[in-house]
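Me: Please take a close look at one loop residue in this structure, giving its place, its exposure and its contacts. I should then like the account to continue to one helix.

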Amino acid sequence: MDLGQWKQALDAADDDYLAGLANKGIVKRAYKELPDTRADITQEESGFLVQMGDVSCRLALPLGSSQCSCVSRSICKHIIIAVLKTRDYLKEQGEGAPDGDYLKGQGEGVPDGGEEDRTESPEEKENTASAPAFSEVASYPLEKARKVMGSRRFQSLIECARLGMAPKITVTSVITVEWPEDGTKVKLLEPLAYSSCSCHKKEMCSHRAEAIVWYQLKAGLLTADMLEQAREDEELPDLERIHGLAGTVRLLLEGLLRTGLARSSQDVLDSLERLAILCHNRELPDFERDARALRDSWQNYFRRMASFRPEDLMRQLTRLYRKAQALEEARTPGRVRQLAGQFKAEYRLAGDLILIGIGARHFLSKTGYEGETVYFLEASSGQWYTYTDARPVFYEQRGGRRPAGRGSAPWDLRVSMDELPQLRIRLRQARASSRNRLSSGSQTRGEVLGPRQIHRKEIESCYYTDFARLFREQIGGGPLEEEREEEDYGFDETRHPVLVHPSAAGPGVFDRISQTFRMELGDSRGITVSLEAVYSKQQEPVIRSLERISRRIQEGRQEIPCFVGDIYLADGEMKLYPIAFLEPKEIMDEE
């Protein structure tokens, strides 16, 4: 029997540890009865036998495995009293001043092994009273903790670890992990079976598992990269089956291209529907959506719909073909996930954000949704974030179509969606998808900081007065024209807007044949960008504003604004699809 180990364990068993083994009420009752309780302590080979009247307790290491002869099946007040008495007993043994209340076992005051009693030095006392090593917590398998937590909570932990947003961790005789935002508190002690959580579950809960991982991170036993690797190992796709499906997609599309549109039959609709189902079963949501969109276009052709355009069908077909080729060549899980897309946006913790409203775009999708996408720039990082308010549209008895109503802004901001692009806001505990689409979840709280105040240093990553630099950084000289097709929630979110501030602006012209508004924008070296907006009911207010701006510029009554929009390459020239514009006075050089 190692008395040094026992002394260290008993010295570390302070009130927090004892309350973790039992509860605060039992510890209080034990202290109340302690002065009036006589204990006879006998040292045994495996621990201590503490006799207290008719009750006997056998103390063992770890202390949570101790047993009592009373009817209780958990850690009772007798075991707590026995621990306190034995701790005092060993202290007196070490000081060489035994108390007559105790029956000393095996050596009458001489520790096991025949060593003489001596007084510990201050350094020895400090080491003896140090916190336990928590070997069981430190060695708890990450894979086991991940399974208990679940994928969503584990992913949230990874994001918090990367952002440095750790819960409050206090290490004494127990490990206390607290999440102040929701009041959750976990106390880890050994054996782990005696750990407690404010959720009151007896078994290992997700909070306990997360607390273990946070302790291992704090102790340097884990890193954020190790957590990310564990997540990727969990989600490893079956590359062989994925490549096989990609080949099936490619061969089907090659057959459709060889047959041609004029000779195609109604069977093509069934083939594309089966392809969409296969993509769904293989968890390739982007491929499923593309297959269904291609089927809808082909169906419009068979129905002789006026909205059908062969060039749109060809663009959809070639885009899906190129994605299938890329998927066939993908060799890493990350690349497969990137091409596969997501069935539903997975929102991850993005921390606290200071967002500058830049502009909003209205959209009406072919699938029956209408709404606005608001664009924000994050003040410190310069990253773009978007929030989309999408709502279904319905048909009245007369066939009229109208939106289901415009709501207020999210995050308890108490402003309307129309006001949101004009404000600077702070979001606490913001959550965003991999494409920086913001969630309106109840965990996020917002605060209006005031009107948007745009400082040049905050927008320098996407602010262009030099159009040669704009071409290099945003287009890169690629020979292929960018595809610009409206989806359910606006335009392609992988491409973020730019802020273009020209030195010159030509007169705006609305082409009634193509129903397109055009205005040439030029920089100081004469390089031009063509601002173009195709007419629609939703774009009509934008075009009217652009016509008014153009007229005032030509009349010398207005400075050339900074235009916000999507930059793309078409017909061999740079083009800008407008979202909003900023007056020069809104962009400040100094704070």
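Reply: Helices (H or I, at least four residues) and strands (E, at least two) are DSSP runs, numbered from the N terminus. S198 is located in the loop that runs between β8 (196-197) and α9 (206-218). The model is predicted, with local features needing pLDDT of at least 70 and side-chain atom pairs counting only at pLDDT 80 or more, while totals for chains, interfaces and linings use all residues. Residues are numbered from 1 along each chain as its sequence is written, and side-chain values use heavy atoms, with hydrogens and water left out.

S198 counts as partly exposed because its relative accessibility is 32%, which falls between buried (under 20% relative accessible area) and exposed (over 50%; 1.4 Å probe, protein chains only). Once its neighbours within four places in sequence are set aside, S198 is in contact (heavy atoms within 4.5 Å) with G183, T184 and K185. Towards the other side of the loop, R208 lies 10 residues from S198 along the chain, and 9.8 Å separates their C-alpha atoms.

The helix to consider next is α13, which comprises residues 285-302. From the first C-alpha to the last, the 18 residues of α13 reach 26 Å, close to the 26 Å expected at 1.5 Å a residue; the expected span is 1.5 Å times one less than the number of residues. Helix α13 is mostly covered, with 13 of its 18 residues buried. After α13 comes R304, which has a positive phi, near 60°.
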